[in-house]
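This report concerns charged and aromatic side chains in a single protein chain. The sequence and the structure are shown below.

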Amino acid sequence: MKIQELKQGDKITQHLDNATVLFEVLSIKQIGRRFLVTFRSAYGIATASYQGESFITAI
């Protein structure tokens, strides 16, 4: 899924340290050609910046 298609509530998984971590999209905000995406996981809340055409695996 393209970053620009993400919506609040979408879920993403990532493999970290031989474990699968679930991330939930809390918010997504376009700033120019980039998107700021705020995620929540068991590790806490964090924001990342992506180009809109970037791909991410959503479930």
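In this predicted model, Glu 24 and Arg 40 form a salt bridge in which the closest N and O atoms are 3.0 Å apart. The pair links distant parts of the chain, since Glu 24 belongs to strand S2 and Arg 40 to strand S3, 16 residues apart. Glu 24 has a relative accessibility of 22% and therefore counts as partly exposed. Arg 40, with a relative accessible area of 39%, is likewise partly exposed.

The structure holds two salt bridges. The other one joins Glu 53 to Lys 2, with 2.9 Å between the closest N and O atoms. This pair also links distant parts of the chain: Glu 53 lies in the segment after S4 and Lys 2 in the segment before S1, 51 residues apart. Glu 53 is partly exposed at 48% relative accessibility, and Lys 2 is partly exposed with a relative accessible area of 23%.

| Salt bridge | Closest N and O atoms | Separation in sequence |
|---|---|---|
| Glu 24 and Arg 40 | 3.0 Å | 16 residues |
| Glu 53 and Lys 2 | 2.9 Å | 51 residues |

Asp 10 presents another case. This residue is found in the segment before strand S1, which spans residues 11-16. Asp 10 is buried yet has no salt bridge. Which side chain of opposite charge is nearest to Asp 10? That side chain is Lys 7, at 6.1 Å. A salt bridge requires a side-chain nitrogen of Lys or Arg within 4 Å of a carboxyl oxygen of Asp or Glu, so the 6.1 Å that separates Asp 10 from Lys 7 does not qualify. The side chain of Asp 10 does, however, reach the backbone nitrogen of Lys 7 at 2.8 Å. With residues up to four places away in sequence left out, Asp 10 touches Met 1, Glu 5, Phe 23, Glu 24 and Val 25. Among these contacts is Glu 24, which forms the salt bridge with Arg 40.

Phe 23, another contact of Asp 10, leads to the aromatic residues. A search of the whole structure finds two aromatic pairs. In one of them, the rings of Phe 23 and Phe 39 have centres 6.0 Å apart and planes at 75°, so their arrangement is edge-to-face. Phe 23 lies in strand S2 (residues 19-31) and Phe 39 in strand S3 (residues 34-41), so this pair ties together parts that are 16 residues apart in sequence. Both Phe 23 and Phe 39 are buried. Phe 39 and Tyr 50 form an aromatic pair that is edge-to-face, with 6.5 Å from centre to centre and 90° between the planes. Here the link runs from Phe 39 in strand S3 to Tyr 50 in strand S4 (residues 44-51), 11 residues apart. For Phe 39 the relative accessible area is 9%, a buried value, whereas Tyr 50 counts as partly exposed at 23% relative accessibility. Ring pairs thus link Phe 23, Phe 39 and Tyr 50 into a cluster.

The pairing of the strands remains to be described. S1 and S2 pair in the antiparallel sense over six bridges. Gln 14 stands opposite Val 21 in S2. The hairpin of S1 and S2 has two residues between the strands, and in this hairpin Asp 17 takes a positive phi near 50°.

Conventions
Residues are numbered from 1 along each chain as its sequence is written. This is a predicted model: local features need pLDDT of at least 70, side-chain atom pairs count only at pLDDT 80 or more; totals for chains, interfaces and linings use all residues. Side-chain values use heavy atoms; hydrogens and water are left out. Helices (H or I, at least four residues) and strands (E, at least two) are DSSP runs, numbered from the N terminus. Buried means under 20% relative accessible area, exposed over 50%, partly exposed in between (1.4 Å probe, protein chains only). Lys and Arg count as positive and Asp and Glu as negative; His and the chain ends are not counted. A polar contact is a pair of N or O atoms within 3.5 Å; within protein, one must be able to donate a hydrogen and the other to accept it, and residues adjacent in sequence count only if both atoms are side-chain atoms. Contact means heavy atoms within 4.5 Å. Rings of Phe, Tyr and Trp (its six-membered ring) pair if their centres lie within 6.5 Å; planes under 30 degrees apart count as stacked, over 60 as edge-to-face and the rest as tilted. Two strands pair if DSSP finds at least two bridges between them.
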